[in-house]
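Work through the exercises below with the sequence and the model side by side, trying each task before reading its solution.

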Amino acid sequence: MLTLAIETSCDETSAAVIRDGREVLSNIISSQIEIHRKFGGVVPEVASRKHIENINQIVQEALDSANVTFKDIDLIGVTQGPGLVGALLIGISTAKALAYGLELPIVGVNHIEGHVCANYIDHKDLEPPFTCLIVSGGHTYLVQVNGYTDYEIVGRTRDDAAGEAFDKVARALGLPYPGGPVIDKLSQSGNKAAVDFPRVMLEPNSYDFSFSGLKTAVLNYLNQLKQKGEEIIVEDVAASFQQSVLDVLVEKSFRLAKERGMDKIVLAGGVAANQGLRTMMEERGKKEGIKIFYPSRVLCTDNAAMIGSAAYFNYMAGKLSDLYLNVEPNLDLI
Ligand code: KG4
Ligand code: ZN
């Protein structure tokens with residue numbers, strides 16, 4: 001079964017052709033990062049305009065590079081939300097026009113679920129149940145995945161998302177957008193014990209997260225050094241900040257996996273690209289007898305292949321949309 005998938009929820013215009021939910025025939029990603037970088041973040045109106053300019057071409061490229069035509073496609077999948085309303089509308093309108101014109105079924109996909117499904121592409125034998133840590137620029141969830149379309153949210157962020165914290169701290173350090181990859185790289189040469197930033201665990205039994213206090217702690221630390229005229233060692237601040245985030249993410253993920261008797265922890269979302277997170281998870285996993293899964297870097301950040309995978313599994317579960325499908329900018333995971 002071939003799915004043509006479209007993703008336009010933020011600043012990547014992407015289209016992909018996926019076979020049976022797990023095999024990528026093509027995954028074209030046109031990133032707008034360079035355009036938004038000069039503003040220090042994504043400008044929604046600019047993103048929508050760029051999606052309009054690019055989408056038809058990207059869809060055609062996805063077909064060409066998969067060596068198929070519209071006639072070969074069996075299903076249309078598209079990101080329904082969460083995301084920027086104007087950006088989502090471009091993808092949804094394109095997808096509905098294709099579904100109508102080609103008389104194909106259409107599935108509106110939850111973007112966060114897409115991030116989880118990226119793992120099914122890179123790990124052909126991976127099947128639920130597992131514990132999943134979803135960490136992206138807009139969302140942070142600790143989830144028990146009981147089936148391909150069956151999610152139980154156990155924890156979530158109460159303020160900033162993990163990726164958002166990386167981006168905000170990077171900005172304060174004068175580093176370019178998006179901050180995650182830059183902090184990740186700098187951390188590798190920095191001293192993670194240089195500054196003792198807080199690890200916010202919340203109530204003893206809570207699986208929720210909170211990153212805004214950590215962000216404030218970093219900002220206060222930087223201001224104090226500036227006032228005293230002391231040198232800021234960017235690598236050390238980056239490494240210490242990253243370690244504070246990772247300690248909390250790793251601790252809570254393992255606690256949940258053990259509580260639920262899981263032998264698999266799956267990472268998803270842009271922050272799953274973080275080398276420090278991957279290494280720390282794997283080291284702890286070895287000690288605890290828990291196997292760690294994460295997507296290849298290109299499938300961690302936004303892409304249409306993961307949307308195609310999620311569309312397929314929803315279709316198989318009978319969860320179809322119709323041409324009344326509309327954007328849901330504030331869609332939750334369940
Ligand atoms: O999943 P994603 O592409 O978009 C959302 O759905 O939000 O995630 C983007 C986020 C950004 O905050 C970015 O800074 C972060 O993922 N990110 C990383 C890394 N690569 C991307 N954070 C930490 N380390 C990385 N290597
Ligand atoms: Zn995303």
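**Exercise 1. Establish how strand β6 is paired, and how its side chains are placed.**

Begin with the parallel partner: β6 and β9 run parallel and are joined by four bridges, and within this pair Ile134 stands opposite Ala268 of β9. Two strands are taken to pair if DSSP finds at least two bridges between them, while the elements themselves are DSSP runs numbered from the N terminus, helices being H or I of at least four residues and strands E of at least two. This is a predicted model, in which local features need pLDDT of at least 70 and side-chain atom pairs count only at pLDDT 80 or more, whereas totals for chains, interfaces and linings use all residues. Residues are numbered from 1 along each chain as its sequence is written, chains are lettered from A and ligands numbered from 1 in the order in which they are written, and side-chain values use heavy atoms, with hydrogens and water left out.

Next take the antiparallel partner: β6 pairs with β7 (residues 140-147) over six bridges, Leu133 standing opposite Leu142 of β7, and a hairpin of four residues connects β6 to β7.

Finally, look at the side chains. In a regular strand the side chains alternate between the two faces of the sheet. Phe130, Cys132 and Ile134 point one way from β6, and Thr131, Leu133 and Val135 the other way; six of the six residues of β6 are buried, where buried means under 20% relative accessible area, exposed over 50% and partly exposed in between, using a 1.4 Å probe and protein chains only.

**Exercise 2. Find which elements build the largest nonpolar core.**

First, count: the largest nonpolar core has 43 residues, and Phe241, Leu249, Leu267 and Met281 have the most contacts inside it. A nonpolar core is a set of buried Ala, Val, Leu, Ile, Met, Phe, Trp, Tyr and Cys residues joined through side-chain atoms within 4.5 Å.

Second, assign the residues to elements: among those that each supply at least two residues are β6 (130-135), α7 (212-228) and β9 (264-268), and the largest share, 11 residues, comes from α8.

Third, follow one residue: Leu249 touches, among others, Leu133, Val135 and Met281, leaving aside residues up to four places away in sequence, with contact meaning heavy atoms within 4.5 Å. A second, separate core of 33 residues includes Val266, Ala311, Tyr312 and Leu333.

**Exercise 3. Describe the open sheet of five strands.**

Start with the order, which is β3-β2-β1-β4-β5, with mixed pairing. Because β3 (23-31) and β5 (106-110) stand at the edges, each with a single partner strand, one side of each is left without a neighbour in the sheet.

Then examine one pair: β1 (residues 2-7) and β2 (residues 12-19) run antiparallel and are joined by six bridges, with Leu2 opposite Arg19 in β2.

**Exercise 4. Characterise the site of the zinc ion (ligand 2).**

List the donors first: His111 (NE2), His115 (NE2) and Asp302 (OD) coordinate the ion at 2.0 to 2.1 Å, donors being N, O and S atoms within 2.8 Å of the metal (3.2 Å for Na, K and Ca).

Then place the donors in the chain: their spacing is H-x3-H-x186-D, and His111 and His115 are separated by about one helical turn because they lie four residues apart in helix α4 (residues 111-122).

Last, check burial: His111 counts as buried at 6% relative accessibility, and His115 counts as buried at 2%.
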